[in-house]
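Please explain how this protein is put together, beginning with how far the model can be trusted and then turning to its helices.

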Amino acid sequence: MNEELLARPIQEYINTNLNVDVNKIALAKSIFEGISAAELAGQIAAKKKSIHKLPTWFNQEGSITLHFYR
């Protein structure tokens with residue numbers, strides 16, 4: 001787990017880009033040093049899923065949303 005994801009600018013970026021196509025974010029160059037575009041895209045995708053499934057997590061400021069692939 002990359003704890004740099006907890007930084008306020010990164011959390012703001014994730015929250016601001018909840019409706020952006022995560023594939024475009026994953027394929028673009030990351031705008032944050034130390035965090036890959038894939039990590040950003042994964043956080044955005046997982047946070048979008050948590051809106052209905054885990055509303056408490058979604059509303060929690062400064063959290064990392066774990067995502068699992070099947």
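**Confidence and helix packing**

Confidence in this predicted model is lowest in helix α4 (residues 55-59), with a mean of 64, and highest in helix α2 (residues 22-27), at 95. For the protein, the mean pLDDT is 82, and 76% of the residues reach 70 or more.

The protein contains four helices and zero strands. Read from the N terminus, its elements follow the order α-α-α-α. Of the 70 residues in the protein, 36% are buried. When contacts between residues at least 6 apart in sequence are considered, 50% of them join residues at least 24 apart.

The packing of two of these helices can be followed in detail. Helix α1 (residues 8-16) packs with helix α3 (residues 37-53) at an angle of about 55°, and their axes lie 9 Å apart. An angle from 35 to 65 degrees is neither roughly parallel nor roughly perpendicular, and α1 and α3 are therefore oblique to each other. The crossing that α1 and α3 form is right-handed.

Which residues meet where α1 and α3 are in contact? On the α1 side they are I10, Y13, I14 and N15, and these meet L40, Q43, I44 and K47 in α3. Sorted by class, the contact of α1 with α3 comprises five nonpolar, two polar and one charged residues. The charged residue is K47 of α3, while N15 of α1 and Q43 of α3 are the polar ones.

Note on methods. Residues numbered from 1 in each chain as written. Predicted model: local features only at pLDDT ≥ 70, side-chain atom pairs only at ≥ 80, totals over all residues. Heavy atoms only, no water. Axes fitted to C-alpha atoms, helices over the stretch in contact; angles between N-to-C directions. Helix = DSSP H or I, 4+ residues; strand = E, 2+ residues; numbered from the N terminus. Parallel < 35°, antiparallel > 145°, perpendicular 65-115°, else oblique. Left-handed = near helix turned anticlockwise from the far one by under 90°. Contact = heavy atoms within 4.5 Å. pLDDT = per-residue confidence, 0-100. Buried < 20%, exposed > 50% of the residue type's maximum accessible area, 1.4 Å probe, protein only.
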